[in-house]
Amino acid sequence: QVQLVESGGGLVQAGGSLRLSCSASGIFFSILAMGWYRQFPGKQRELVAAITNGGSTNIADSVKGRFTISRDNAKDTVYLQMNSLKPEDTAVYYCNADVEIRMFIGATPYWGKGTLVTVSS
């Protein structure tokens with residue numbers, strides 16, 4: 001069983017910063033891509049940023065230049081540094097990881113429970 005545990009959400013004023021963390025635990029062979037998604041009320045979950053185990057990143061245009069994703073492979077942890085936050089960034093942020101439970105059987109996506117980020121104007 002793989003668990004993803006997020007931390008770092010909360011309330012911040014517009015223009016402020018937050019850092020989200022997500023750590024994977026359990027028994028598995030490796031983690032391929034890790035990323036962050038967010039969901040606005042009544043909307044589908046959308047990609048914010050993703051990073052491969054080699055360090056290649058994919059950042060949504062809406063947060064490019066403000067958010068940075070990074071990863072510590074030794075700790076199976078992914079981070080999302082969010083700067084210059086705007087009220088429209090208010091959402092529930094979910095951690096995602098593509099996990100190989102065993103070698104050669106392919107990757108399975110896992111999700112965290114989500115952490116609320118609220119940006120006040």
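Modeller: A patch joins residues with over 30% relative accessible area and no salt bridge: like charges within 9 Å, nonpolar side chains (Val, Leu, Ile, Met, Phe, Trp, Tyr) within 5 Å. Areas are Shrake-Rupley values with a 1.4 Å probe, and for residues only the protein chains shown count as cover. This is a predicted model: local features need pLDDT of at least 70, side-chain atom pairs count only at pLDDT 80 or more, and totals for chains, interfaces and linings use all residues. Residues are numbered from 1 along each chain as its sequence is written, and side-chain values use heavy atoms, without hydrogens and water.

Colleague: Which residues form a nonpolar patch on the surface?

Modeller: This patch has about 370 Å² of accessible area together. One member, Phe 104, sits in the loop between strand E9 (91-100) and strand E10 (107-111); strands (E, at least two residues) and helices (H or I, at least four) are DSSP runs, numbered from the N terminus. The patch consists of Phe 29, Met 103 and Phe 104.

Colleague: Is Phe 104 buried or exposed, and at what relative accessibility?

Modeller: Buried means under 20% relative accessible area, exposed over 50%, and partly exposed in between (1.4 Å probe, protein chains only). Phe 104 counts as exposed because its relative accessibility is 73%.

Colleague: What positive phi does Phe 104 have in the turn?

Modeller: E9 and E10 pair in the antiparallel sense over 5 bridges; pairing needs at least two DSSP bridges between two strands. Ala 107 in E10 is the bridge partner of Glu 100. The two strands form a hairpin with 6 residues between them, and the phi of Phe 104 in its turn is positive, at about 75 degrees.

Colleague: What is the strand order in the open sheet of 4 strands?

Modeller: Pairing in this sheet is antiparallel. The edges are strand E1 (2-7) and strand E7 (67-72), each pairing on one side only. Neighbouring strands are turned by 15 degrees against each other on average, direction ignored; axes are lines fitted to C-alpha atoms, for helices over the stretch in contact, with angles from 0 to 180 degrees between N-to-C directions. The order is E1-E3-E8-E7.

Colleague: Which residue in E3 is the bridge partner of Leu 4?

Modeller: E1 pairs with strand E3 (residues 18-26) in the antiparallel sense, over 6 bridges. Within E3, Leu 4 has as its partner Ala 24.

Colleague: Which residue in E9 is the bridge partner of Gly 35?

Modeller: E4 and E9 pair in the antiparallel sense over 8 bridges. Tyr 94 is also in E9, and its C-alpha atom is separated by 8.3 Å from that of Gly 35, 59 residues apart along the chain. Tyr 94 is buried because its relative accessible area is 13%. The bridge partner of Gly 35 is Asn 96.

Colleague: Which strand gives the most to the largest nonpolar core?

Modeller: A core is a set of buried Ala, Val, Leu, Ile, Met, Phe, Trp, Tyr and Cys residues joined through side-chain atoms within 4.5 Å. Of the 32 residues in the largest one, Trp 36, Leu 80, Met 82 and Tyr 93 touch the most other members. Strands that each supply at least two residues include strand E4 (30-39), strand E8 (77-82) and strand E11 (115-120). With 5 residues, the most is given by E9.

Colleague: How far apart are the closest N and O atoms of Arg 38 and Glu 46?

Modeller: E4 pairs with E5 in the antiparallel sense over 5 bridges, and Arg 38 stands opposite Glu 46 in E5. Arg 38 is buried because its relative accessible area is 4%, whereas Glu 46 is partly exposed at 30%. They form a salt bridge (a Lys or Arg side-chain nitrogen within 4 Å of an Asp or Glu carboxyl oxygen). Their closest N and O atoms lie apart by 3.1 Å.

Colleague: How many residues apart in sequence are the parts that Arg 66 and Asp 89 tie together?

Modeller: The side chains of Arg 66 and Asp 89 meet in a salt bridge at 2.7 Å, N to O. Arg 66 lies in the loop between strand E6 (57-59) and E7, and Asp 89 in the loop between E8 and E9, so the parts they tie together are apart in sequence by 23 residues.

Colleague: Which residues are linked in a network of salt bridges?

Modeller: The whole structure holds 4 salt bridges. One of them joins Lys 64 and Asp 61 at 3.1 Å, N to O, and both of these residues are exposed. By contrast, Arg 66 is buried at 11% relative accessible area, and Asp 89 is buried at 1%. The network links Arg 38, Glu 46, Arg 66 and Asp 89.
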